[in-house]
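Visitor: I would like a close look at one part of this model, please. Could you pick a single stretch, walk me through it, and then set it in the whole?

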Amino acid sequence: MKDNRPVNLDLSKFHFPLPAITSILHRISGVLIFAGTAVLLWMLAESLSSPQGYERVSGWLDTTAVKVVVWAILSGLLYHLIAGIRHLLMDAGIGETLEGGRRGAVLIVVFAVISIVLAGVWVW
């Protein structure tokens, strides 16, 4: 029996097309949203616990590190929303061709970059 499987699989040599990358990032952004929701709920609970808790959270939100975390969660949410709309359109039969998939992936990247930059402006 001849074995044609690769002996050393070098993952750095794989080049995924843009639609595959956007789909993988959609899944990653979902995980980021799941973890980020816990952080945001904890901050909400802390701010509602007492007037001192509210002041603590307000102070945290003025720091750069917390702003980066909030911006990262917002970025994941915005990307997931935009990519999710594309997936819903594909479920409806729109953009299922190879060319439609490529155009949809490019639109995801364009709209996501614009919305993420605007979210960064809003956070800062």
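**A close look at one helix and its surroundings**

Guide: Let us begin with a residue on a neighbouring element: His26 is found in helix H1. Keep in mind that this is a predicted model. His26 is buried, because its relative accessible area is 15%, under the 20% that marks the cut-off for a buried residue. Setting aside neighbours within four places in sequence, the contacts of His26 are Tyr79, His80, Ala83, Gly84 and His87.

Now to the part I would like to show you closely, helix H4. Helix H4 takes in residues 98-123, which makes 26 residues. From its first C-alpha to its last, H4 reaches 37 Å, close to the 38 Å expected at 1.5 Å a residue.

Which residues of H4 are buried? They are Gly101, Gly104, Ala105, Ile108, Ala112, Ser115, Ile116, Ala119, Gly120 and Val123. A general point helps when reading such a list: an α-helix has 3.6 residues a turn, so residues three or four places apart point the same way. As for what lies over the buried residues of H4, the cover includes helix H1 (18-49) and helix H3 (64-91). H1 is the helix that holds His26.

For a contrast within H4, turn to Val121, which is found in this helix. Val121 counts as exposed because its relative accessibility is 57%, and the cut-off for exposed is over 50%. Val121 and Ile33 are 88 residues apart along the chain, and 20 Å separates their C-alpha atoms.

Finally, let us step back to the whole protein. There are four helices and zero strands, and along the sequence the pattern reads α-α-α-α. The radius of gyration is 20 Å, well over the 14 Å that the globule rule gives for 124 residues, so the protein is more spread out than a compact globule. Along the principal axes, the C-alpha atoms fill a box of roughly 70 × 40 × 25 Å.

Of the 124 residues, 26% count as buried. Among contacts with a separation of 6 or more, 73% are accounted for by residues 24 or more positions apart. The accessible surface comes to about 9,100 Å², and carbon and sulfur atoms hold 72% of that area. As for charge, there are 9 positive and 8 negative side chains, with the centres of the two sets 10 Å apart.

Technical notes
Residues are numbered from 1 along each chain as its sequence is written. This is a predicted model: local features need pLDDT of at least 70, side-chain atom pairs count only at pLDDT 80 or more; totals for chains, interfaces and linings use all residues. Side-chain values use heavy atoms; hydrogens and water are left out. Helices (H or I, at least four residues) and strands (E, at least two) are DSSP runs, numbered from the N terminus. The radius of gyration is taken over C-alpha atoms; the globule rule is 2.2 Å times the number of residues to the power 0.38. Buried means under 20% relative accessible area, exposed over 50%, partly exposed in between (1.4 Å probe, protein chains only). Contact means heavy atoms within 4.5 Å. Accessible areas come from the Shrake-Rupley method with a 1.4 Å probe; for residues, only the protein chains shown count as cover. Lys and Arg count as positive and Asp and Glu as negative; His and the chain ends are not counted. The place of a charge is taken as NZ of Lys, CZ of Arg, CG of Asp or CD of Glu. The expected span of a helix is 1.5 Å times one less than its number of residues.
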